[in-house]
Structure formats: structure tokens, C-alpha cells
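Visitor: I would like to learn how to read salt bridges and burial in a model of this kind. Could you take me through them step by step?

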Amino acid sequence: MVPWEGYVSDETMGTFAPIVLYWVYAGGYQLILHRRPLERYRLHTRAEEEEKNLVSLPTVVRGVLLQQLVQAIVAMILFMVTSDSSVTIVQPGLVTQIFQFLIAMFVMDTWQYFVHRYMHQNKFLYRHIHSQHHRLIVPYAIGALYNHPLEGLLLDTLGGAISFLVSGMTPRTAVFFFCFAVLKTVDDHCGLWLPYNMFQHLFQNNTAYHDIHHQLQGTKYNYSQPFFSIWDRILGTHMPYNLVSRKEGGFEARAQRD
């Protein structure tokens with residue numbers, strides 16, 4: 001039993017709940033990011049954000065909305081193709097759902113690592129497609145899905161579809177998985193290192209880890225996203241870091257280079 005049962009279908013929730021959650025969660029971060037009490041948790045100063053970022057917030061918002069439009073269309077097609085109205089879907093037990101969740105996480109990580117890395121290594125793809133995301137040198141939450149439309153389709157939307165299909169999860173389980181993936185992706189770009197943030201303490205691949213990738217010296221490292229750092233460690237693209245306090249307040253993720 002889920003709160004939306006009897007009101008909207010699992011397929012509809014799987015399509016639109018992650019989009020709504022993105023704006024609620026990222027919007028909340030955006031509202032608190034510039035509050036003075038939180039200056040002590042920022043990974044970059046406000047001056048750095050204003051000086052280094054190469055794209056305006058309204059442009060970022062438009063880019064994210066475009067990606068989510070494509071995402072919603074693909075999700076509706078995916079659920080339409082994979083669902084059968086003549087068959088009653090039986091939700092598996094909790095242990096099975098956890099196992100499917102873990103498979104989906106691994107598949108999504110694998111897909112995104114290799115696509116993401118290739119977009120950095122191929123100069124044409126980086127220059128014309130992936131560099132759009134790196135216009136946000138100082139990441140913030142609303143910009144988590146600011147990508148070139150083709151990258152959004154290949155990296156995020158197609159990666160999510162493959163994770164859903166390979167794991168064998170039901171549309172209902174997919175609602176929770178896609179929402180969890182959205183929360184994690186937004187958090188990795190939030191620009192804050194918060195003391196009670198479960199994502200930042202449970203996952204080594206977190207806000208500071210991804211911040212290194214957005215820095216100039218880290219663009220060829222820390223490709224892994226959104227969950228684990230497994231592929232970075234296996235394939236030699238892992239760059240460790242120290243989280244140090246800045247004199248003016250806040251933190252800095254400082255890369256450790258050999």
C-alpha cells in the first residue's frame with residue numbers, strides 16, 4: 001500500500017514524482033545556500049560562484065526543464081512498452097526489492113561512469129556537449145541536471161531506463177529508486193558540506209568528491225556518479241581529497257595529487 005494508490009498509477013508517479021522532487025529538494029537548497037548562517041558550510045565562497053560560473057541561473061533552469069521534458073517523454077514510452085494492463089503486477093518482497101535496488105544502482109553507476117568518462121576523453125563530445133555541464137565550475141543544487149539535451153538523454157534518461165530494465169523492478173519500486181537517484185544527484189551538486197547530511201556521510205561519492213571533478217585539476221578524475229566510487233578506484237581515475245577549513249569560513253575540497 002502506497003499513498004498514491006487509487007489516485008494515480010505507479011507509472012505516472014514514476015514519471016513525474018522524480019521531477020517534482022527535484023525542484024522541491026534543489027529549490028530548498030537554493031533558498032538556504034545564500035543564507036549567512038550557512039556560509040560556514042559552503043565549499044566555495046559566493047564570490048567564487050559569481051566569478052567562476054559561466055552561465056546564469058535562468059539559463060540553468062531552462063536547461064534543466066528541457067532535460068526533464070525529454071525524461072518524462074521517455075519514461076512514459078518506457079512504462080507503456082513494458083506494462084501489460086491484462087496482467088496484475090505482484091509487488092515482490094522487501095528482500096527482493098532491496099536486491100533489485102542494488103542492481104539498479106550498480107547498473108546506473110556503470111553506465112554513467114563509462115559514458116561520462118568518454119565524454120571527457122573525446123574532445124568533440126566534450127567541447128560540443130559535456131562542457132555545458134562544466135560551465136558550473138562551482139556547482140549548486142538546481143544545476144545538478146544542467147546538461148546538453150543529448151547528454152541528458154544518453155547519460156541520465158537512458159541510464160535510468162537501462163537500470164530499470166536490467167534490475168527487473170516493478171514500476172512501484174522504480175518510483176522509489178528514481179526519487180532516491182534524484183535526491184542523491186542533487187545532493188552531490190549542492191555546494192554545502194553539512195554535518196547531518198546522510199548522503200555525505202554514507203557515501204564516499206558525495207558532494208566534496210564530485211566537487212573535485214568540477215575543479216580544473218580534477219576534470220580527468222572522479223567520473224563516478226551518482227552512488228559509488230567503484231569504477232574510479234578500479235580504473236585509476238580516483239582522486240582523493242582533504243576537506244579543509246577556510247580562514248574566511250566554510251570548507252574547501254582540496255585534491256591530493258601524487
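Guide: The following turns take up the salt bridges and then the annotated segments. This is a predicted model, in which local features need pLDDT of at least 70 and side-chain atom pairs count only at pLDDT 80 or more, while totals for chains, interfaces and linings use all residues. Residues are numbered from 1 along each chain as its sequence is written, and side-chain values use heavy atoms, with hydrogens and water left out.

Visitor: How many salt bridges does the structure hold?

Guide: Side chains of opposite charge can pair when their charged atoms come close. With a salt bridge defined as a side-chain nitrogen of Lys or Arg within 4 Å of a carboxyl oxygen of Asp or Glu, the structure holds 8. In one of them, R42 pairs with E49, with 2.8 Å between the closest N and O atoms.

Visitor: Is R42 buried or exposed?

Guide: Buried means under 20% relative accessible area, exposed over 50%, and partly exposed in between (1.4 Å probe, protein chains only). R42 counts as buried because its relative accessibility is 2%, and E49 is buried at 12%.

Visitor: Which residue forms a salt bridge with E48?

Guide: E48 pairs with K52, the closest N and O atoms being 3.3 Å apart; E48 is partly exposed at 21%, and K52 is partly exposed at 36%.

Visitor: Which residues does the "transmembrane region" annotation cover?

Guide: According to the unreviewed UniProt entry, the annotation covers several segments, including 94–115; such annotations may be inferred rather than shown by experiment.
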